[in-house]
Amino acid sequence: ELRAGDERAASGAGFSRITGSSAASGATTFSVKGGAKHRYWLIWVTRLAAQDGGYRAVIRQPTVKGPGS
């Protein structure tokens, strides 16, 4: 999920859900519509993949693109 807020929050619950996918895997793109302008953005991992007897999520090079990018 992609969450956002305009004030610092003590937990993920303090951010509003903007968009997400229950099936995100591999390279994933989230599109935000409606001119979502927020000060704080949070990538919220709702389920981790099992790996080597534990769990893992990897987030590499998050990129933000503005209108017309």
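Residues count as buried under 20% relative accessible area, as exposed over 50%, and as partly exposed in between. Ile59, with a relative accessible area of 47%, is therefore partly exposed. This residue sits in the segment after strand 5 (54–56), and it turns up again below in both a surface patch and a pocket. Everything described here comes from a predicted model.

As for the overall build, the protein comes to 0 helices and 5 strands, so the pattern along the sequence is simply β-β-β-β-β, given how strands are numbered from the N terminus. Taken along the principal axes, the C-alpha atoms fill a box of roughly 40 × 30 × 20 Å. Of the 69 residues in the protein, 10% are buried.

A look at the surface brings Ile59 back. Together with Ile43, Val45, Leu48 and Tyr55, Ile59 makes a nonpolar surface patch of about 500 Å². With its 47% relative accessible area, Ile59 clears the cut-off for patch membership, because that cut-off is over 30%.

The pocket search tells a related story. The largest pocket has a volume of about 1,600 Å³, and its lining takes in 42 residues. Nearest the centre of this pocket lie Thr28, Thr29, Phe30, Ile43 and Ile59. Ile43 and Ile59 are thus named both in the patch and around the pocket centre. Among the elements that contribute, strand 3 (40–43) and strand 4 (49–51) each supply at least two residues of the lining. Sorted by class, the lining of the largest pocket holds 19 nonpolar, 16 polar and 7 charged residues.

Next come the charged contacts. Side chains of opposite charge can pair when their charged atoms come close. Searching the whole structure turns up 2 salt bridges. In one of them, Arg3 pairs with Glu1, and the closest N and O atoms are 2.9 Å apart. Arg3 has a relative accessible area of 14%, and because the cut-off for burial is under 20%, Arg3 counts as buried. Glu1 also meets Arg17 in a salt bridge, at 3.3 Å from N to O. That pair links distant parts of the chain: Glu1 belongs to the segment before strand 1 (2–5), while Arg17 belongs to strand 2, 16 residues apart. Arg17 is partly exposed, as its relative accessible area is 48%. Since the salt bridges share partners, Glu1, Arg3 and Arg17 are joined into one network.

Backbone geometry offers two oddities. Most residues other than glycine have a negative phi. Asp52, however, has a positive phi of about 50° although it is not a glycine. Asp52 is found in the loop between strand 4 and strand 5, and its 75% relative accessibility is why it counts as exposed. Gln61 is another non-glycine residue with a positive phi, in this case near 45°. Gln61 lies in the segment after strand 5, the segment that also holds Ile59. The relative accessible area of Gln61 is 73%, so this residue is exposed.

A few pairs of residues show how stretches that are well separated in sequence are placed in space. Trp41, which has its place in strand 3, is 36 residues from Gly5 in sequence, and the two are 6.6 Å apart in space, C-alpha to C-alpha. Trp41 is partly exposed, because its relative accessible area of 38% falls between the two cut-offs. Ser22 sits in the loop between strand 2 and strand 3. With a relative accessible area of 71%, Ser22 is exposed. The C-alpha atoms of Ser22 and Val45 are separated by 9.9 Å, with their positions 23 residues apart along the chain; Val45 is also one of the residues of the nonpolar patch. Ser16, in strand 2 (residues 16–19), is partly exposed with a relative accessible area of 46%. Ser16 and Arg39 are likewise 23 residues apart along the chain, and their C-alpha atoms are separated by 12 Å.

Note on methods. Residues numbered from 1 in each chain as written. Predicted model: local features only at pLDDT ≥ 70, side-chain atom pairs only at ≥ 80, totals over all residues. Heavy atoms only, no water. Patch = residues over 30% accessible without salt bridge, like charges linked within 9 Å, V, L, I, M, F, W, Y side chains within 5 Å. Areas by Shrake-Rupley, 256 points an atom, 1.4 Å probe, with all protein chains shown as cover. Salt bridge = Lys/Arg side-chain N within 4 Å of Asp/Glu carboxyl O. Helix = DSSP H or I, 4+ residues; strand = E, 2+ residues; numbered from the N terminus. Buried < 20%, exposed > 50% of the residue type's maximum accessible area, 1.4 Å probe, protein only. 1 Å grid on protein atoms, 1.4 Å probe; cavity = no way out; pocket = protein on both sides within 12 Å on 5 of 7 lines; lining within 4 Å. Points joined across faces, edges and corners; volume = space filled by probe spheres on them. Nonpolar A, V, L, I, M, F, W, Y, C, P; charged D, E, K, R; others polar.
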